[in-house]
Amino acid sequence: MTENTPGGSAASEGAPEKGAETASKKTPEHSGVDLARVALRAAKEQARARGDAAQQKKQARRGGLRSGARADGRDPMALGAAINRLLTERGWETPAAVGGVMGRWPQIVGEDLAKHCVPQKYDEDERVLTVQCDSTAWATQLRLLAPQVVARLNQDLGHGTVRLIKVQGPHGPARRFGPLRAPGSTGPGDTYG
């Protein structure tokens, strides 16, 4: 069966079309060397997988993994490096840094202020450091110095670590109800039994 093409020539079914010729030119057939390389690569990967499986079985029979001559993740590490790794993995860098500041409080705020004002806690979500003072005069002094102390803390810990210092005055003595108390009484909640 023959067809007439717009150019007037006849094309037979058995002859290759022009588009098929260009498609075969774009994707060249693999030569014998290329096929051998592909087969060799696949064989090496299969052998490596079989070797890894055999190695795991052997280690399981011996009682688990053992450290070899080269360094890997199972080797012992220095205590400081282990602690730093733990802090990083758990996201405890900021609380640990603030804890260090509480230990160095006298160097940061000065000896006089440190004798009368003690850091109590740090709220990581609010970024607020709570400080307890032993008198109202020192509480007032710390409230006046709070912007400078916050700037010094952020300089030491990183920008934005402490947003606010919450100053607490001294606590009064325990409140007693009534002029008379029975010995050993726990107060107004004490009952007879």
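This text walks through a sheet, the helices that lie across it, and a few buried residues. The model is predicted.

Start with the sheet. Three strands make it up, in the order β3-β4-β5. The sheet is open, and its pairing is mixed. β3 and β5 are the edge strands, each pairing on one side only. From one strand to the next, the twist averages 25°.

Now look at one pair of strands. β4 and β5 run parallel, and 5 bridges join them. Find Val131 and look across to β5: its bridge partner there is Val167.

Next, add the helices. α4 lies across β3 and β4. Its direction is about 175° to β3. α7 lies across β3, β4 and β5. Against β5, α7 runs at about 160°.

Stay with α7, which spans residues 136-157. Where does this helix kink? The kink lies at Leu145 and is about 60°. Shortly after that point comes the proline Pro147.

Which residues of α7 are buried? They are Ala139, Leu142, Ala146, Val149, Val150, Leu153 and Asn154. What covers them? The cover includes the strands β3 (117-123), β4 (128-133) and β5 (164-168). It also includes the helices α4 (93-103), α5 (105-109) and α6 (111-116). Just after α7 ends, look for Gly158, which takes a positive phi of about 120°.

Move on into the loop between α7 and β5. Thr161 is found here. Is Thr161 buried or exposed? It is buried, because its relative accessible area is 11% and the cut-off for buried is under 20%. Now see what it touches, leaving aside its neighbours within four places in sequence. Thr161 is in contact with Thr94, Val98, Tyr122, Arg127 and Asn154. One of these, Asn154, is a buried residue of α7. Thr94 and Val98 fall within α4 (93-103), and Tyr122 falls within β3 (117-123).

Finish with the cysteines. How many disulfides does the structure hold? The number is 0. Two cysteines are worth finding all the same. Cys117 has a relative accessible area of 0%, so it is buried. Cys133 counts as buried too, because its relative accessibility is 2%. Cys117 falls in β3 (117-123), and Cys133 falls in β4 (128-133).

Now trace the path once more. Begin at the β3-β4-β5 sheet, cross to α7 and its kink at Leu145, and end in the loop at Thr161.

Conventions
Residues are numbered from 1 along each chain as its sequence is written. This is a predicted model: local features need pLDDT of at least 70, side-chain atom pairs count only at pLDDT 80 or more; totals for chains, interfaces and linings use all residues. Side-chain values use heavy atoms; hydrogens and water are left out. The bend at a residue is the angle between axes fitted to the seven residues ending there and the seven starting there. Helices (H or I, at least four residues) and strands (E, at least two) are DSSP runs, numbered from the N terminus. Buried means under 20% relative accessible area, exposed over 50%, partly exposed in between (1.4 Å probe, protein chains only). Contact means heavy atoms within 4.5 Å. A disulfide is a pair of cysteine sulfur atoms within 2.5 Å. Two strands pair if DSSP finds at least two bridges between them. Axes are lines fitted to C-alpha atoms, for helices over the stretch in contact, and angles run from 0 to 180 degrees between N-to-C directions.
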